[in-house]
Amino acid sequence: MPKAYWIARVDVTDAEAYADYMALGPAALIGNGGKLLSRGGQAVALEGPEPRQRNVVIEFESMEAALACHASSEYTAARAARAGAAEVEILIVEGLPE
């Protein structure tokens, strides 16, 4: 079964409120099988729109695991804490078969 990669593009609009998400989000991702590969480091746009402030890549064992994480009660609580604090795009892509 191919791995899956969660790609999040984030512009924080309220840093104080976003801190509430950061207290919950990473733990929810890791606790639901995610492996943080990149989180908020330097990003360069070679084609297309400029990168957002934070660009995150998280590896999961499968597409099903990534989708289950997003639907989990832990991540649902993290998303609620983030509401109004950031503009967020999340995409989950399936990796190549191993």
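The sheet in this predicted model is open and has four strands in the order 2-3-1-4, with antiparallel pairing. Strands are DSSP runs of E with at least two residues, helices are runs of H or I with at least four, and both are numbered from the N terminus; two strands pair if DSSP finds at least two bridges between them. At the edges lie strand 2 (35-39) and strand 4 (86-94), each pairing on one side only. From one strand to the next, the twist averages 20 degrees, where axes are lines fitted to C-alpha atoms, for helices over the stretch in contact, and angles run from 0 to 180 degrees between N-to-C directions.

Consider strand 1 (residues 4-12). Seven bridges join strand 1 to the antiparallel strand 3 (residues 54-60). Which residue is the bridge partner of A8 in strand 3? The partner is V56.

Next, the helices. Helix 1 (residues 15-22) lies across strands 1, 2, 3 and 4, at about 155 degrees to strand 1. Helix 3 (residues 63-71) lies across strands 1, 3 and 4, at about 155 degrees to strand 4.

Finally, the core. A nonpolar core is a set of buried (under 20% relative accessible area, 1.4 Å probe, protein chains only) Ala, Val, Leu, Ile, Met, Phe, Trp, Tyr and Cys residues joined through side-chain atoms within 4.5 Å. The largest has 20 residues, and W6, L29, F60 and Y75 have the most contacts inside it. Strand 1 supplies the largest share, four residues.

Residues are numbered from 1 along each chain as its sequence is written. Local features need pLDDT of at least 70, side-chain atom pairs count only at pLDDT 80 or more, totals for chains, interfaces and linings use all residues, and side-chain values use heavy atoms, leaving out hydrogens and water.

Key: Contact means heavy atoms within 4.5 Å. Buried means under 20% relative accessible area, exposed over 50%, partly exposed in between (1.4 Å probe, protein chains only).
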